[in-house]
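Good morning, colleagues. Please take a moment to look at the sequence and the model, and I shall then guide you through some of the features.

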Amino acid sequence: MKNKMNPAGQEECFHSNDLFAAEIPVWYQNSGKVNPEWLSICKEERNQTTNLLEQVISFGNLQKAYKQVRSNGGSGGVDKMSVKDFGTWFGKHYQELQLELQQENYQPQAVRGVQIPKPKGGFRQLGIPTIKDRVVQQAISQVLQPIFDPKFSPNSYGFRPKRNAHQALRQASKFVGSGKTKAVDLDLAKFFDEVNHQRLMWLLSIRIGDKRLLRLIFKILKTDILTDGLQEQRLKGTRKEVL
């Protein structure tokens with residue numbers, strides 16, 4: 001007899017002819033083990049995602065990533081290369097970047113650390129990657145987002161494409177109109193600063209079979225932070241923001 005309740009916090013896999021399209025809950029057997037069907041579906045998904053790096057480093061994807069970084073703006077990183085200067089470099093050397101990534105020789109540069117004052121006192125630590133590193137990160141995001149975004153709750157509006165706080169407020173208003181009387185606003189303090197790297201990589205590896213891409217992501221997570229001439233290794237956290 002299987003317990004078809006989905007325990008809180010348990011991941012789910014998707015399965016159909018269209019990858020990740022149909023939901024398969026994480027069922028537990030009486031023994032406490034994960035349902036073998038779930039494990040086999042995850043294995044199938046990993047088998048179908050063994051060549052994601054080729055998608056990441058394609059010229060079209062890298063070019064799209066640069067255009068997005070350019071539209072975001074922001075200052076340069078430790079190499080002081082501007083968005084415009086990188087565009088000139090990329091037009092001439094994009095094949096070098098592709099080769100670096102393909103052969104796993106790509107090494108992210110240190111993140112430029114800066115602190116900005118908070119309105120209520122104290123400082124907020126920001127990290128500014130180089131433009132080149134931001135382009136690579138954006139290129140990865142463009143490939144992984146279509147895989148992972150459909151997994152998120154339809155009521156999740158933060159840090160997702162074509163979703164924003166205004167939509168969340170409108171949805172909350174609809175709930176109020178339907179008779180609901182309470183709203184709960186939750187914010188995990190320093191969430192992005194506290195993300196466990198090993199846990200995150202395990203979650204990614206459940207769905208992604210391209211170990212080259214996983215190693216690249218791990219390199220990015222471990223990038224050092226350079227603040228006032230002192231270089232510090234990142235042991236946790238994912239926050240890298242642009243000024």
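I begin with a single residue pair: Ile116 has Arg124, in strand β4, as its bridge partner. This pairing belongs to a broader arrangement, in which strand β3, residues 111-117, and strand β4, residues 123-128, run antiparallel and are joined by six bridges. Five residues lie between the two strands of this hairpin, and Gly121 adopts a positive phi near 100° there. Please bear in mind throughout that this is a predicted model.

Let me now step back to the chain as a whole. The protein chain contains nine helices and six strands. Of its 243 residues, 33% are buried. Its accessible surface is about 15500 Å², and carbon and sulfur atoms contribute 54% of that area. If we consider contacts with a separation of 6 or more, 66% of them are between residues 24 or more positions apart.

I turn next to the nonpolar interior. As a general remark, nonpolar side chains in soluble globular proteins tend to be buried together. Which residues have the most contacts inside the largest nonpolar core? They are Val56, Ile140, Leu144, Leu213, Leu216 and Ile217, in a core of 32 residues. Two or more residues are supplied by each of α2 (52-57), α3 (59-72), α4, α5, α8 and α9 (211-221). Helix α5 provides the largest share, with nine residues. Leu216 serves as an example: apart from its neighbours within four places in sequence, Leu216 is in contact with Leu53, Leu101, Tyr106, Val136 and Ile140.

The aromatic residues deserve separate attention. The structure holds nine aromatic pairs. One of them is formed by Tyr66 and Phe90, and this pair is stacked because the ring centres are 6.4 Å apart and the planes meet at 25°. Tyr66 belongs to helix α3 and Phe90 to helix α4, so the pair ties together parts of the chain that are 24 residues apart in sequence. Are these two residues buried or exposed? Tyr66 is buried, with a relative accessible area of 10%, and Phe90 is buried as well, at 5%.

Phe90 takes part in another pair, with Tyr94; this one is tilted, with 6.0 Å from centre to centre and 50° between the planes. Phe90 and Tyr94 are four residues apart in helix α4, so about one helical turn separates them. Tyr94 is partly exposed, with a relative accessible area of 24%. Taken together, ring pairs link Phe59, Tyr66, Phe86, Trp89, Phe90 and Tyr94 into a cluster.

My final topic is the charged side chains. How many salt bridges does the structure hold? There are seven. I shall present three individual pairs and then a network.

In the pair I take up here, the side chains of Glu45 and Arg207 meet at 3.2 Å, N to O. Glu45 lies in helix α1 (residues 36-47) and Arg207 in helix α8 (residues 197-207), so placed that the pair links distant parts of the chain, 162 residues apart. Glu45 counts as buried, since its relative accessibility is 1%, which is under 20%. Arg207 is also buried, with a relative accessible area of 5%.

Glu100 and Lys132 form another salt bridge, again at 3.2 Å from N to O. Because Glu100 lies in helix α4 (residues 83-102) and Lys132 in helix α5 (residues 131-148), the pair ties together parts that are 32 residues apart in sequence. Glu100 is partly exposed, at 28% relative accessibility, whereas Lys132 counts as buried at 19%.

A further salt bridge is that of Glu194 and Lys236, at 2.7 Å from N to O. Glu194 is in helix α7 (residues 191-194), while Lys236 is in the segment after β6 (230-232); these distant parts of the chain are 42 residues apart. Glu194 counts as partly exposed at 42% relative accessibility, and Lys236 counts as partly exposed at 43%.

Lastly, Glu54, Asp210 and Arg212 are linked in a network of salt bridges. With that, I conclude the presentation, and I thank you for your attention.

Conventions: Residues numbered from 1 in each chain as written. Predicted model: local features only at pLDDT ≥ 70, side-chain atom pairs only at ≥ 80, totals over all residues. Heavy atoms only, no water. Pairing = 2+ DSSP bridges. Buried < 20%, exposed > 50% of the residue type's maximum accessible area, 1.4 Å probe, protein only. Contact = heavy atoms within 4.5 Å. Areas by Shrake-Rupley, 256 points an atom, 1.4 Å probe, with all protein chains shown as cover. Salt bridge = Lys/Arg side-chain N within 4 Å of Asp/Glu carboxyl O. Core = buried A, V, L, I, M, F, W, Y, C linked by side-chain atoms within 4.5 Å. Phe/Tyr/Trp six-rings, centres within 6.5 Å; stacked < 30°, edge-to-face > 60°.
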